[in-house]
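Reader: I'm new to reading protein models. Could you walk me through one, feature by feature?

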Amino acid sequence: MTAHTLCITGRTQIVSIGNHLSDAMPVNSGVPQGSILGPLVFTVYINDLPSCVQFSSVAMYADDTVLYFSSSSTSEIEMNLNFDMTNLSRWLDGNKLVLNMEKTELVTFGTRQRLRLPQNKELDVFFMA
């Protein structure tokens with residue numbers, strides 16, 4: 001028996017909305033929430049995430065991930081972050097993971113002078129859900 005089948009064999013899930021329950025459906029992948037091995041298996045599963053980005057640095061802790069990129073050029077920041085976010089979106093999709101848009105933020109750091117963008121210019125970084 002492999003570790004893969006050990007974690008998911010014979011598991012089902014039911015959705016509850018109000019007083020209504022769905023039919024039981026088989027769970028074909030994943031690790032049960034709250035399992036002892038869950039955090040370790042997740043860490044191994046996402047271990048190659050940094051390889052999908054080309055320009056940004058990546059910091060990961062548990063299920064939190066930060067992409068960061070530094071430049072004095074806002075157009076370079078915008079272009080490189082958009083490129084990396086597109087690649088990250090493809091990686092997430094290929095690994096059957098979803099980016100939580102409610103917890104996703106773009107933060108810029110710098111001096112007041114350096115954070116001033118040209119008139120009527122915004123930093124446009126697109127998060128693909």
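**A positive phi after a helix**

Author: Let's start with the spot just past α3: that helix is followed by Lys-96, whose phi is positive, near 55°. Before we go on, this is a predicted model, where local features need pLDDT of at least 70, side-chain atom pairs count only at pLDDT 80 or more, and totals for chains, interfaces and linings use all residues. Residues are numbered from 1 along each chain as its sequence is written, and side-chain values use heavy atoms, with hydrogens and water left out.

Reader: What is the usual sign of phi?

Author: Most residues other than glycine have a negative phi. Lys-96 has a positive phi of about 55° although it is not a glycine. You'll find Lys-96 in the loop between α3 and α4 (112-115).

Reader: Is Lys-96 buried or exposed?

Author: Here's the scale: buried means under 20% relative accessible area, exposed over 50%, and partly exposed in between, with a 1.4 Å probe and protein chains only. Lys-96 counts as exposed because its relative accessible area is 72%.

Reader: Which residue in the loop between β5 and β6 should I look at?

Author: Try Ala-62, which sits in that loop. Its phi is near 55°, again a positive value in a residue other than glycine. Ala-62 is partly exposed, because its relative accessible area is 48%.

Reader: How do β5 and β6 pair?

Author: Two strands pair if DSSP finds at least two bridges between them. Here β5 (57-61) and β6 (64-68) run antiparallel, over five bridges. Val-58, for one, has Leu-67 in β6 as its bridge partner. The hairpin has two residues between the strands.

Reader: How many helices and strands are there in the protein?

Author: Helices (H or I, at least four residues) and strands (E, at least two) are DSSP runs, numbered from the N terminus. This protein has four helices and six strands. Along the sequence they follow the pattern α-β-β-β-β-α-β-β-α-α.

Reader: How far does α3 reach?

Author: The expected span of a helix is 1.5 Å times one less than its number of residues. Helix α3 covers residues 74-94, so 21 residues, and reaches 30 Å from its first C-alpha to its last, close to the 30 Å expected.

Reader: Which residues of α3 are buried?

Author: Among them are Ile-77, Leu-81, Met-85, Leu-88 and Trp-91. What covers the buried residues of α3 includes α2 and β6. Over the whole protein, buried residues make up 17% of the 129 residues.

Reader: What about contacts between residues that are distant in sequence?

Author: Contact means heavy atoms within 4.5 Å. Of the contacts with a separation of 6 or more, residues 24 or more positions apart account for 39%.

Reader: Which residues form a nonpolar patch on the surface?

Author: A nonpolar patch joins side chains of Val, Leu, Ile, Met, Phe, Trp or Tyr within 5 Å, each residue having over 30% relative accessible area and no salt bridge. A salt bridge is a side-chain nitrogen of Lys or Arg within 4 Å of a carboxyl oxygen of Asp or Glu. Ile-36, Leu-37, Leu-40, Val-41 and Val-44 form such a patch, with about 520 Å² of accessible area together; areas come from the Shrake-Rupley method with a 1.4 Å probe, and for residues only the protein chains shown count as cover. Val-44 lies in helix α2 and is exposed, because its relative accessibility is 59%.

How values were computed: Patch = residues over 30% accessible without salt bridge, like charges linked within 9 Å, V, L, I, M, F, W, Y side chains within 5 Å.
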